[in-house]
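Reader: I am new to this one. Could you show it to me and then tell me how each description is justified?

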Amino acid sequence: MKFAVLVQEGPYQHQSSDSAYHFVKAALEKGHEIMGVFFYNDGVLNANKLIDPQQDDRNVQKRWSDLAEKGVELVVCIATAKRRGINDDILAPGFKISGLGQLTEMAIESDRLVTFGA
Amino acid sequence: MFIMRKAPYGTIYPFEGLESVLIMGAYEQDISLLFIDDGVYTLRKGMDTSALGIKNFSPTFKALEGYDINKLYIDKDSLDIRGMTLDDLVVQPELVDEEMIPELIEEQDVVIPF
């Protein structure tokens with residue numbers, strides 16, 4: 001199946017980003033296609049490369065960047081990113097900043113859009 | 001379909017939800033909105049948000065018509081519980097009940113909750 005994923009919460013405060021990550025990873029392992037992951041609302045904060053948790057904790061940002069290396073497209077909404085100070089200067093590897101047109105396209109072309117929010 | 005579930009101020013979900021509705025409206029999609037739970041407050045008319053220092057965005061819902069977004073639905077129970085009627089709202093959505101809502105959602109290709 002062809003999935004698109006929408007992440008609406010930032011890292012750590014909510015589980016949404018963790019759940020979305022595990023979903024994407026499991027879907028890929030089962031041979032499904034991930035058209036892309038779109039970050040909206042506080043979800044854009046997952047793209048902050050300054051995220052630096054304690055050693056014994058998961059690095060939510062880096063996990064996404066690692067998925068990007070495997071070819072998963074990570075798209076950050078520009079309007080909500082600007083509101084939260086996420087720009088190209090602090091954008092983590094593998095993420096790109098774009099508009100809601102990308103989410104629209106993902107929603108149309110995927111079989112399912114799966115949302116992870118509060 | 002976009003589902004507005006939360007109160008208008010206190011979190012940014014309804015406001016950024018509305019922003020995404022307006023932008024997706026420009027892509028000529030078949031868009032509908034469902035207001036449920038505290039989301040019904042986003043349509044309340046006569047709100048004064050000046051003490052919050054946040055712009056009152058409820059009147060913006062009146063502009064949806066200009067984007068050809070005419071399919072607005074509101075949960076009757078959510079209105080009743082809050083002592084509200086359609087007369088309290090800036091727009092006039094279609095009243096739906098708990099039996100119609102799952103059917104409406106079933107009809108959608110994509111559902112985005114806020």
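Author: Happily; what follows takes the descriptions one by one, each with its rule.

Author: This is a predicted model, in which local features need pLDDT of at least 70 and side-chain atom pairs count only at pLDDT 80 or more, while totals for chains, interfaces and linings use all residues. Residues are numbered from 1 along each chain as its sequence is written, and chains are lettered from A and ligands numbered from 1 in the order in which they are written.

Reader: What makes up the secondary structure of chain A, and in which pattern?

Author: Chain A has four helices and five strands. Along the sequence they follow β-α-β-α-β-α-β-α-β. Helices (H or I, at least four residues) and strands (E, at least two) are DSSP runs, numbered from the N terminus.

Reader: How do you know whether chain A is a compact globule?

Author: By its radius of gyration, which is taken over C-alpha atoms and set against a globule rule of 2.2 Å times the number of residues to the power 0.38. For 118 residues a compact globule would have a value near 13 Å, and chain A has 13 Å, so the two agree. Its C-alpha atoms fill a box of roughly 35 × 30 × 25 Å along the principal axes.

Reader: And what does the rule say about chain B?

Author: Chain B has three helices and five strands, in the order β-α-β-β-α-β-α-β. Its radius of gyration of 13 Å is close to the 13 Å given by the rule for 114 residues, so chain B is as compact as a globular protein of that length.

Reader: Which residues of helix 4 of chain A are called buried, and what makes them so?

Author: A residue is buried if 20 or more other C-beta atoms lie within 10 Å of its own, exposed if 12 or fewer, and partly exposed in between, with C-beta atoms placed from the backbone. In helix 4 of chain A, A:Leu100, A:Leu103, A:Met106 and A:Ala107 are buried. They cover an arc of only 110 degrees around the axis (the arc of the directions from the helix axis to the C-beta atoms), which means that they lie on the same side of helix 4 of chain A. An α-helix has 3.6 residues a turn, so residues three or four places apart point the same way. The face turned away from the buried side of helix 4 of chain A carries the exposed A:Gly101 and A:Glu109.

Reader: What covers that buried side of helix 4 of chain A?

Author: The cover includes strand 1 (2-7), strand 2 (33-39), strand 3 (74-77) and strand 5 (112-116) of chain A, together with helix 1 of chain B.

Reader: How do you know that the length of helix 1 of chain B fits its residue count?

Author: The expected span is 1.5 Å times one less than the number of residues. For the 13 residues of helix 1 (residues 13-25) of chain B this gives 18 Å, and the end C-alpha atoms are 18 Å apart, so the values agree. Among the buried residues of this helix are B:Tyr13, B:Leu18 and B:Met24.

Reader: How many residues of chain B are in contact with chain A?

Author: Two residues are in contact if their C-beta atoms, placed from the backbone, lie within 7 Å. By that rule, twelve residues of chain B are in contact with eleven of chain A. Helix 1 of chain B gives the largest share of the chain B side, six residues.
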